[in-house]
Amino acid sequence: MTASSSSSTRLTWLVLLGSAGAFGLLVWLMLPSMVVVMDDDFWYLKSVVETFHRGRPWTSEYLAPWAASTSSLAAIVFALTDSMSIAVHGQLAGAACLAFLGLTLWLKEAGLGPVRRVPLALVLLASPTVLFMFQMFTGAALYWGCFWMCIWAFGRRNWWAFFLFWAVALANRQSAIGWLALPFWFMLEEGWKQRNWRPAALLVAGGMWFLVVKSGMNANTGQAWVNHSTFDFSRLGTRHITFALCLAALVSGFGLGGLIKPGPRAIHPWLAMVAMLVGSQIAIHCVSWLQWSHSGYNDSWQRLYFGAGGALAGLGLIMAWRRPWGGALLAALGCATLLTLYSGKFDYYFVEMVWWGVVASVMGVKSAPAASTSPLWSRLALVLTAVVLVCDARFLVRLKLDQHRITAFNTLYEKAYRDGSLKLHESGLTTMGHLGWWLEDFYREKTGTKPGDLAGFIRLCDAWDSTDGGTSLVTEFPKSIRRYNDWLPQRSSKMLNKPEAREIGVLKQRILFFWEATYRLKQIKRRNPPPRDFEIDYATFKGRPFPLNDEEWSRLLRGS
């Protein structure tokens, strides 16, 4: 190796690691100032507590994914650092870094230089859907990081690396079993011709690893409920929508793959324009079917974002007029089957379908060699990419403000529960995860083996009603940023500014690094509270306080 090639290799790795580190740093800066609970992430935090106490991977009672990798890694980091913030936030930022590194390594193998691969990686990883899951402590973040490392390892035919990252992903989420479609298809397509039996050995080892993890992890109510729900054919009426979303996500990914490796055919202008128009309209229409837990898409730019993304996928679909690779399609079929049977419609469920479409497109190039694209279409693709990334940047601000607000929710409600100024049944508008942390044991005691239900926790409380009142936060932003009012998520109800509203607590915290906002926990007693599933007897009720700092986490985990 010459000195110049060695220097070029070092520079390439410096760019790869630097860009991945920058993305991980972005996710770290997006995270709140403390460990918070938003939704079903409280089950993952409880799994960490159980894992630490038992000295082995353990899944919380109502959590369906095994989450063994996530809980074990967090428990080990906590044991070494005595900091839950580092254990949780470090894992989320590290997983984001891993995903970006794996994706850009794979794009490099596809022949893209840094000028093209970084923007395309951001299109795939910087959407509100993906960024939000890198902000919430669930098994998805590490799972997605392992996904792109597996894709890169498979492209290199590095079977050891593929198995390592796949094994970590499988121990986190059982659906990773579908990734074995890649070595399976390779074995059918090329392995037997080359007398390469490593993919077959990997499949055998993969099956053994699945049995080891399955037999080693505790069976729980959550897994039983998901199995029952998946094969509950009384829900067939809504499954066609889930299948349609799966198909749209897969085709969109295939189109985005066309931007990575254009096909050999010349692009007909009218065909490209029709594809962009149809793609944008389908993307905008699909939004009405999706559900999401963040405020990123609750924005006036929503239609522009999905329209530009759909048009970009439509253009790429014309640019990538080729046969997709069967291994990725087989994996996508398995993913789509599970999603359709389960019939869920949350946005992050379909991320993997988009990514399988990208992989199917790029790995299908051997049946149709890449060709140069007209500068006109390349510039149009660049403009659409820029529109998507600008929207992502705007949504990123909303997601960061969401984290500030969730921190205020957790802090003010937790202090009010502890000092008795607010009863749990008066909770009103708060995060479901925080309620679940406090009420899960009580809920299980009352319902027996009934599966955990986030909505069930809410039904134990006097939910917020915009006409009747309740308990919630009032957010006071500084005047300097109120001019961007349409950027600000979760505006406060004017009802809580009435004189009769009782102020329970106040929190001032820095927002967006440079400003300070005031959050006030207020309550207007509801005149007509809804019927509750169960009444809480506070004389005997024993809730579990949620730790607000590393010292409290240490007391909870170490019992000190």
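The paragraphs below walk through a predicted model, going from a pair of packed helices to the buried helical residues and then to a small sheet with its covering helix.

A convenient place to begin is the meeting of two helices, for which a general description helps. Two packed helices are described by the angle between their axes and the distance between the axes. In this model, helix α2, which covers residues 41-54, and helix α3, which covers residues 68-81, have axes that come within 8 Å and cross at roughly 65 degrees. The crossing in which α2 passes α3 is right-handed. On the α2 side the residues that meet the partner helix are S47, V48, T51 and F52, and on the α3 side they are S71, S72, A74, A75, F78 and A79. Sorted by class, this contact of α2 with α3 is made of 6 nonpolar and 4 polar residues, with no charged residues. The spacing of such residues can be read against a general property of the helix. An α-helix has 3.6 residues a turn, so residues three or four places apart point the same way.

Further along the chain, helices α13 and α14 offer another view of helical residues and their surroundings. Helix α14, residues 302-319, contains 18 residues and reaches 26 Å from its first C-alpha to its last, close to the 26 Å expected at 1.5 Å a residue. This helix is mostly covered, since 14 of its 18 residues are buried. A275 sits in helix α13, which spans residues 269-287, and A275 counts as buried because its relative accessibility is 16%, under the 20% cut-off. Leaving aside neighbours within four places in sequence, A275 is in contact with G314 and I318. The C-alpha atoms of A275 and G310 are separated by 9.1 Å, although these residues are 35 residues apart along the chain.

A second buried residue, T242, lies in helix α12, residues 236-260. With a relative accessible area of 0%, T242 is buried. Not counting residues up to four places away in sequence, T242 touches L339, T340, S343, G344, K345 and F350.

The last part of the tour is an open sheet of 3 strands, arranged in the order β1-β3-β2 with antiparallel pairing. Its edge strands are β1 (470-476) and β2 (502-511), each of which pairs on one side only. From one strand to the next the twist averages 20 degrees. Helix α17, residues 375-419, packs on this sheet and touches β1, β2 and β3, while its direction makes about 140 degrees with that of β2.

Within the sheet, β2 and β3 (residues 515-524) are paired in the antiparallel sense over 9 bridges. Along this pairing, V506 stands opposite R520 in β3, and I511 stands opposite W515 in β3. The hairpin of β2 and β3 has 3 residues between the strands, and in this hairpin L512 takes a positive phi near 50 degrees. On the other pairing, 7 bridges join β1 to β3, again in antiparallel fashion, and L473 stands opposite L521 in β3. Strand β3 is mostly covered, with 7 of its 10 residues buried.

How values were computed: Residues numbered from 1 in each chain as written. Predicted model: local features only at pLDDT ≥ 70, side-chain atom pairs only at ≥ 80, totals over all residues. Heavy atoms only, no water. Axes fitted to C-alpha atoms, helices over the stretch in contact; angles between N-to-C directions. Helix = DSSP H or I, 4+ residues; strand = E, 2+ residues; numbered from the N terminus. Left-handed = near helix turned anticlockwise from the far one by under 90°. Contact = heavy atoms within 4.5 Å. Nonpolar A, V, L, I, M, F, W, Y, C, P; charged D, E, K, R; others polar. Buried < 20%, exposed > 50% of the residue type's maximum accessible area, 1.4 Å probe, protein only. Pairing = 2+ DSSP bridges. Expected span 1.5 Å × (residues − 1).
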